[in-house]
Every structure is written in C-alpha cells, then in structure tokens.
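This report describes a single protein chain from its coordinates. The chain is shown below, followed by notes on its salt bridges, strand pairing, backbone geometry and surface.

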Amino acid sequence: MTASPHRTALAVLAATLAIVPAINLAGAAELKPYTAEQLQKIVADEAPVTTVESVDHERITARRIDLVDEAGVIRMTLAAPTPSPIIDGLSYQRAFPVAGMVVYDREGSERGGFGVADLANGGTAAVLALDHANVDAVGWRVMPDGAVEFGLNAKPPQPREPTLDNRVVPHPAVRRIAMNLAADGTPSLDLTDTEGRPRLRLTVTDEGFGAIEFLDAEGKVVQTLAPEAAGG
C-alpha cells in the first residue's frame with residue numbers, strides 16, 4: 001500500500017534529523033509514540049556536551065572561518081564575502097557578493113547558505129538558498145523595496161562538459177512554485193508550467209477578495225474566480 005503524503009513528509013523530516021534508520025515512518029499504518037526499544041536504538045550519546053566552562057576568546061575577528069570534516073573537506077564557511085560557488089570541483093563567479101554562511105556536501109560542492117547580498121544597484125538583500133547539485137533548489141529573498149520572494153525550482157539536468165574534465169556544470173532551473181509578497185503588500189502564489197511560466201495564481205484583490213487567476217502562456221489572465229467579488 002502506498003504511504004500517504006503526510007507520513008512520507010514525516011519520514012523526510014525524520015531523515016533530516018538523522019533518526020530514520022531505526023524507525024520507518026513512511027510505512028507506518030498510523031503515527032505512534034516511539035517505543036523504548038526504538039529510542040534506545042537512536043540514542044547517540046547519553047551525556048552530550050551542551051555547555052563549556054569558559055570561552056577561548058571573547059571576540060574573534062576574521063574575514064573567513066572554515067569548518068572541516070574528518071577528511072579535511074570544508075563543510076561550512078563563514079565569510080565576508082563568501083567564496084565563489086563550487087560545483088563538482090570548479091569555482092564559478094557568484095551573481096553578486098554575499099556576506100554570510102555557505103554549506104558544502106562531502107565532495108566540497110556548495111549546497112546552500114544564507115547572508116546579505118550586495119546588489120549592483122547599491123541596495124542589499126537578505127538571501128537564503130538550498131541547492132540542487134548544480135543550481136538553487138529553494139530560495140528566499142528580502143529585497144530592498146520590501147518585496148519578499150520564496151521559490152521552489154525543479155531539479156534540472158546535470159550535464160557534464162567534456163572541455164572541463166567531464167565535470168557536472170551549472171544548468172538553469174525552472175521555478176515551479178513562486179510565493180511573493182510585493183512591495184505594495186500584494187500577496188501571490190504562482191504555479192508554473194514546465195517552461196517556468198505562471199499558469200495558476202492565488203492572490204487577494206485590491207478590494208480584499210480572495211481570487212484564483214488562470215493565465216495563458218504569455219502571462220495574460222484569461223479567467224478569474226473570485227466568488228466573494230461576484231457576490232457568491
């Protein structure tokens with residue numbers, strides 16, 4: 001029997017918390033508290049370190065701090081500005097300078113980060129991203145004019161370029177879900193087609209009515225459903 005989306009989502013969350021090897025939530029008939037036996041299997045340390053007796057330094061001043069794993073691979077960088085993004089061993093130019101934190105996978109490729117971006121027009125934006133192997137997957141942006149943007153991008157192809165030692169290279173992604181709060185306060189949720197064109201939009205009209213808009217490939221609204229506006 002196929003697991004429900006609700007249980008599958010919980011299983012994904014459990015995997016994120018690294019407790020899924022002992023407990024299979026996706027296949028559970030119903031959600032139940034963990035048994036004592038299950039909990040004993042997933043306890044990693046009964047006395048984890050949660051405090052320190054004293055700090056090494058009251059203040060550290062640096063342009064960059066790297067955290068590495070057991071193999072010496074950089075897994076997190078705190079820097080101003082952050083280093084250029086790395087994909088499959090090659091560093092590419094970043095779209096704009098960012099001061100903040102970057103995280104990397106065990107191969108050293110960038111997989112996300114957050115910080116403050118210095119835009120070309122002189123403004124700044126607060127940004128956060130989680131990445132596919134060769135492009136952003138999830139992105140948040142708080143823009144200088146007050147607009148707030150959140151997007152989900154489909155996983156793109158991962159082509160290898162022979163002239164670059166057959167490495168995986170960047171590839172544009174299609175934004176399939178876009179949630180926006182415009183600078184004027186207008187909210188919208190767009191679902192797009194495979195070309196990234198908005199085809200269905202949830203919004204609230206200037207009059208305060210909830211509305212569903214259907215758009216054609218050129219972005220023109222071809223039908224609007226707003227029952228309250230019609231007096232329904």
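## Glutamate 213 and its salt-bridge network

Glutamate 213 counts as buried in this predicted model, because its relative accessible area is 16% and the limit for a buried residue is under 20%. Its side chain meets that of arginine 201 in a salt bridge, with an N to O distance of 3.6 Å. Arginine 201 belongs to strand 14 (residues 198-204) and glutamate 213 to strand 15 (residues 210-215), so this pair ties together parts that are 12 residues apart in sequence. Asp190 also takes part: salt bridges with shared partners join Asp190, Arg201 and Glu213 into one network.

## Other salt bridges

The structure holds 12 salt bridges. One of them links the side chains of glutamate 149 and arginine 141, at 2.5 Å from N to O. Arginine 141 has a relative accessible area of 35% and is therefore partly exposed.

Another lies within a helix. Glutamate 37 and lysine 41 both belong to helix 2 (residues 36-42), where they are 4 residues apart, about one turn of the helix. Their side chains form a salt bridge with an N to O distance of 3.9 Å. Both glutamate 37 and lysine 41 are exposed.

## Strand pairing around strand 12

Which strands pair with strand 12? On one hand, strand 12 (residues 175-181) runs antiparallel to strand 9 (residues 148-153), and 6 bridges join them. Valine 148 has leucine 181, in strand 12, as its bridge partner. On the other hand, strand 12 pairs with strand 13 (residues 187-192) over 5 bridges, again in the antiparallel sense. Here methionine 179 is bridged to leucine 189 of strand 13.

Strand 12 and strand 13 form a hairpin, with 5 residues between them. The turn of this hairpin contains glycine 185, which has a positive phi of about 95 degrees.

## Backbone geometry in the loops

Most residues other than glycine have a negative phi, and most peptide bonds are trans. Several sites in this chain depart from those habits. The peptide bond from alanine 80 to proline 81 is cis, its omega being near 0 degrees. Proline 81 is placed in the loop between strand 2 and strand 3 (86-87).

Two aspartates have a positive phi although neither is a glycine. For aspartate 88 the angle is about 50 degrees, and this residue is found in the loop between strand 3 and strand 4 (90-91). Aspartate 88 counts as partly exposed, because its relative accessibility is 29%. For aspartate 165 the phi is about 60 degrees; its loop runs between strand 10 (160-161) and strand 11 (167-168). Why does aspartate 165 count as exposed? Its relative accessibility is 63%, whereas the exposed class begins over 50%.

## A nonpolar patch on the surface

Ile60, Ile65, Leu67, Met76 and Leu78 make up a nonpolar patch on the surface, and together they have about 450 Å² of accessible area. Strand 1 (64-68) and strand 2 (74-79) each contribute at least two residues to this patch.

Methionine 76, one of the patch residues, lies in strand 2. With a relative accessible area of 30%, methionine 76 is partly exposed. In a regular strand, side chains alternate between the two faces of the sheet.

## The chain as a whole

The chain has 2 helices and 16 strands. Of its 232 residues, 25% are buried. Its accessible surface comes to about 16000 Å², and carbon and sulfur atoms account for 57% of that area. Among contacts between residues at least 6 apart in sequence, 19% join residues at least 24 apart.

The average pLDDT of the chain is 89, and 86% of the residues score at least 70. Over residues 8-17, however, the pLDDT is below 50; in the model this stretch has 10 contacts beyond near neighbours in sequence.

Terms used
Residues are numbered from 1 along each chain as its sequence is written. This is a predicted model: local features need pLDDT of at least 70, side-chain atom pairs count only at pLDDT 80 or more; totals for chains, interfaces and linings use all residues. Side-chain values use heavy atoms; hydrogens and water are left out. Patches are made of residues with over 30% relative accessible area and no salt bridge: like charges are joined within 9 Å, nonpolar side chains (Val, Leu, Ile, Met, Phe, Trp, Tyr) within 5 Å. Accessible areas come from the Shrake-Rupley method with a 1.4 Å probe; for residues, only the protein chains shown count as cover. A salt bridge is a side-chain nitrogen of Lys or Arg within 4 Å of a carboxyl oxygen of Asp or Glu. Buried means under 20% relative accessible area, exposed over 50%, partly exposed in between (1.4 Å probe, protein chains only). pLDDT is the predictor's confidence in each residue, from 0 to 100. Contact means heavy atoms within 4.5 Å. Two strands pair if DSSP finds at least two bridges between them.
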